[in-house]
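Subject: Structure for your review

Dear colleague,

Please find the structure below, handed over for your examination. My findings follow it.

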Amino acid sequence: MPDANKLSTATGQLGPICAITGKPLTFAEAIVLDDKFVSYEAYVEFTGAESSTEGKDTSGLLLK
């Protein structure tokens, strides 16, 4: 159970506050890092992680 002092309803839902940036999050967008909740952006900055796949152009694939 998260510490009640580290929770927020600023997004309209109960959720944690990012331990690195202080940004209010929902539990769905929070990532656990060393027993703390962090945002995706903070996780990438802290760990240096990056996508393991290459992007693909799909602009011409939609049917009209």
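Tyr43 belongs to helix 1, which spans residues 40-47. Please note that this is a predicted model. With a relative accessible area of 26%, Tyr43 is partly exposed, because that value falls between the limits of 20% for buried and 50% for exposed. Leaving aside residues up to four places away in sequence, Tyr43 touches Ile31, Leu33, Val38, Gly48 and Ala49. The C-alpha atoms of Tyr43 and Cys18 are 9.9 Å apart, while the two residues are 25 positions apart in sequence.

Two of the residues that Tyr43 touches, Leu33 and Val38, also appear in the largest nonpolar core. That core has 6 residues, the others being Cys18, Leu25, Ala30 and Ala42. Ala42 is in contact with Cys18, Ile20 and Thr21, again not counting residues up to four places away in sequence. The contact between Ala42 and Cys18 therefore involves two residues that are both listed in the core, where every member is buried.

The loop between strand 3 (31-33) and strand 4 (36-38) deserves attention for its backbone. Asp34 is placed in this loop, and Asp35 lies there as well. Most residues other than glycine have a negative phi. Asp34, however, has a positive phi of about 50 degrees, and Asp35 has a positive phi near 65 degrees. How accessible are Asp34 and Asp35? Asp34 counts as exposed at 62% relative accessibility, and Asp35 is likewise exposed, with a relative accessible area of 77%. Both assignments follow because the values are over 50%.

As to aromatic residues, the count comes to 1 aromatic pair. The pair is formed by Phe27 and Phe37, whose ring centres are 5.6 Å apart and whose planes stand at 80 degrees, so the arrangement is edge-to-face. Phe27 lies in the loop between strand 2 (15-16) and strand 3, whereas Phe37 is in strand 4, so the pair ties together parts that are 10 residues apart in sequence. Are these two residues buried, partly exposed or exposed? Phe27 counts as partly exposed at 38% relative accessibility, and Phe37 is also partly exposed, with a relative accessible area of 25%.

Yours sincerely

Notes. Residues are numbered from 1 along each chain as its sequence is written. This is a predicted model: local features need pLDDT of at least 70, side-chain atom pairs count only at pLDDT 80 or more; totals for chains, interfaces and linings use all residues. Side-chain values use heavy atoms; hydrogens and water are left out. Helices (H or I, at least four residues) and strands (E, at least two) are DSSP runs, numbered from the N terminus. Buried means under 20% relative accessible area, exposed over 50%, partly exposed in between (1.4 Å probe, protein chains only). Contact means heavy atoms within 4.5 Å. A nonpolar core is a set of buried Ala, Val, Leu, Ile, Met, Phe, Trp, Tyr and Cys residues joined through side-chain atoms within 4.5 Å. Rings of Phe, Tyr and Trp (its six-membered ring) pair if their centres lie within 6.5 Å; planes under 30 degrees apart count as stacked, over 60 as edge-to-face and the rest as tilted.
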